[in-house]
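Please open the model in your viewer and keep the selection tool at hand. The stops below say what to select next and what is to be found there.

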Amino acid sequence: MDYSQFLHMREELSLVVVLILLFLADLFMSPDAHKNDGKARLNTMLPVILMAIHTAINLVPGTAADVFGGMYHYVPMHTVVKSILNIGTLIVFLMAHEWMKREDTSFKQGEFYVLTLSTLFGMYLMISAGHFLMFFIGLETASIPMAALIAFDKYRHNSAEAGAKYILTALFSSALLLFGLSMIYGSTGTLYFDDLPAHIDGNPLQIMAFVFFFTGMAFKLSLVPFHLWTADVYEGAPSTVTAYLSVVSKGSAAFVLLAILIKVFAPMINDWQEVLYWVTIASITIANIFAIRQQNLKRLMAFSSISQAGYIMLGVIGGTAQGMTALVYYVLVYAAANLGVFAVITIVALRSQKFTLEDYAGLYKTNPKIAFLMTLSLFSLAGIPPFAGFFSKFFIFMAAFNAGFHLLVFIALVNTVISLYYYLLIVKAMYITPSDNPIPTFRSDRCTKWGLALCTLGIIGLGIASIVYQSIDKLSFGI
């Protein structure tokens with residue numbers, strides 16, 4: 001065996017090293033009755049430092065390669081996507097600092113970081129898979145630890161219930177997806193991405209296989225009508241985990257879906273474009289309508305994320321290189337804005353245990369900086385210029401429009417106005433709605449400030465720095 005092949009798995013090897021170091025650190029910093037009065041040593045900065053180093057050394061793309069007999073496929077675009085996931089995970093770790101200080105979570109800090117990085121490792125394998133078996137291993141590696149993260153606060157709120165709902169949903173979606181893969185293998189005799197297009201002709205068995213495959217992926221992306229788990233899981237999970245689930249998990253699944261549609265299902269483009277067309281309309285419209293009715297902020301952001309997944313599908317539906325560029329850029333901007341919102345939700349929940357729109361009334365008077373940063377993030381999610389969210393929506397609409405989906409883009413534009421309404425409901429509560437019992441004034445910890453600073457830099461800087469979009473565009477590929 002040629003062990004030099006592992007050198008092409010630079011990101012995966014680096015992440016495994018980080019995982020091993022955190023395992024060892026947790027071993028020596030776990031609670032001990034004979035040391036430190038049985039209290040865990042708070043060690044949240046080590047994961048942040050290791051994640052920052054891991055992100056920095058993997059920023060520069062390598063050369064394209066196929067290793068392990070084509071099971072692992074690398075192209076420079078994979079480094080861009082993995083770097084976005086790394087930055088999102090780094091911000092989540094910064095957000096988790098205050099949460100990890102809590103008495104009932106401090107002794108579980110090692111588990112949190114290891115589980116989170118295990119899911120990230122699975123996403124890496126999904127992104128670089130050149131074979132459906134490698135893809136499925138990555139999918140399960142990303143899904144199973146996620147259930148443990150969602151149920152992390154099992155004695156608080158509805159975390160255990162959310163974990164149970166997620167694992168059951170993941171079980172059924174994975175079963176459907178695997179059923180689809182078995183049909184693909186049965187009709188083609190191979191599971192290698194490079195070999196499949198030559199054997200795919202769109203016969204009824206292959207159409208059924210695609211439907212099952214897409215159903216499984218739609219569960220992961222929480223697209224309508226496979227979205228019913230999302231609101232309950234987002235509400236029950238710890239806020240930090242919800243942030244990770246809504247950004248990092250969704251971003252990786254969206255890119256993988258596009259890559260597989262381009263590489264494997266290109267001969268069936270008319271069939272899958274028809275499916276995506278109606279799923280996109282349903283996801284954007286139904287999610288926006290339900291979001292208006294929500295009072296709990298985490299549930300509102302759950303329906304917002306379903307709607308955002310619909311917008312992301314506008315980059316997928318054309319199957320073009322322009323669509324891939326718009327999708328990756330959209331995920332990057334969405335990560336900055338959504339993590340900004342969840343950073344505020346997390347710190348407010350930790351300080352006051354408040355989650356509803358009514359609770360946020362008068363936040364501007366007691367915590368003006370937090371309210372202002374929340375407003376920036378919401379405006380970016382809504383696509384208001386001059387924030388980066390406006391440019392990301394413009395590029396993804398342009399990609400779908402150039403692919404010929406004019407009516408779909410019009411429907412998405414109308415829905416943008418609806419989404420602006422419920423984002424402004426939060427802004428109205430913070431700035432205008434009076435409250436006799438507002439959230440008291442508090443100071444954010446240093447790590448949360450750094451996380452919010454990174455999100456704000458992304459919201460403002462990504463809209464100005466055109467080089468980001470141009471750099472992504474050079475590495476994109478399509479049908």
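Where is proline 225 found? Select proline 225 and you will be in the loop between α7 (204–221) and α8 (230–236), where helices (H or I, at least four residues) and strands (E, at least two) are DSSP runs numbered from the N terminus. Before going further, note that this is a predicted model, in which local features need pLDDT of at least 70 and side-chain atom pairs count only at pLDDT 80 or more, while totals for chains, interfaces and linings use all residues. Residues are numbered from 1 along each chain as its sequence is written, and side-chain values use heavy atoms, with hydrogens and water left out.

**The loop between α7 and α8**

Now add valine 224 to the selection and display the backbone: the peptide bond leading from valine 224 to proline 225 is cis, with omega near 10°. Serine 222 is also found in the loop between α7 and α8, and its phi is positive, at about 50°, although it is not a glycine. Serine 222 is buried, having a relative accessible area of 1%; here buried means under 20% relative accessible area, exposed over 50%, and partly exposed in between, computed with a 1.4 Å probe and protein chains only.

**Another cis bond and another positive phi**

Move next to proline 385 and proline 386, which are joined by a cis peptide bond with omega of about 10°. Proline 386 has its place in the loop between α14 (368–382) and α15 (388–402). Then select phenylalanine 68, in the loop between β1 (65–67) and β2 (72–74), whose phi is near 55°, a positive value in a residue other than glycine. With a relative accessibility of 23%, phenylalanine 68 counts as partly exposed.

**Helix α11**

Select residues 297–316, which make up helix α11: its 20 residues reach 29 Å from the first C-alpha to the last, close to the 28 Å expected at 1.5 Å a residue, the expected span being 1.5 Å times one less than the number of residues. Colouring by accessibility should bring out that α11 is mostly covered, since 19 of its 20 residues are buried. At the N-terminal end of α11, asparagine 296 acts as a cap, with a side-chain oxygen 2.9 Å from the backbone nitrogen of lysine 298.

**A surface patch**

Show the surface and select Val16, Val17, Ile20, Leu21, Leu24, Leu27 and Phe28, which form a nonpolar patch with about 660 Å² of accessible area together. Accessible areas come from the Shrake-Rupley method with a 1.4 Å probe, and for residues only the protein chains shown count as cover. Within this selection, leucine 21 is found in helix α1 (residues 10–29) and is partly exposed, with a relative accessible area of 40%.

**Cysteines and helix α17**

How many disulfides does the structure hold? The structure holds 0 disulfides, a disulfide being a pair of cysteine sulfur atoms within 2.5 Å. Cysteine 447 is in no disulfide, and the nearest cysteine sulfur, that of cysteine 455, is 13 Å away. Cysteine 447 is buried, with a relative accessible area of 2%, and cysteine 455 is buried as well, with a relative accessible area of 1%.

Finish at threonine 448, which lies in helix α17 (residues 446–464) and is buried at a relative accessible area of 4%. A distance drawn from the C-alpha of threonine 448 to that of threonine 190, 258 residues apart along the chain, should read 48 Å.

Notes. Polar contact = N/O pair within 3.5 Å; in protein donor to acceptor, adjacent residues only side chain to side chain. Patch = residues over 30% accessible without salt bridge, like charges linked within 9 Å, V, L, I, M, F, W, Y side chains within 5 Å. Salt bridge = Lys/Arg side-chain N within 4 Å of Asp/Glu carboxyl O.
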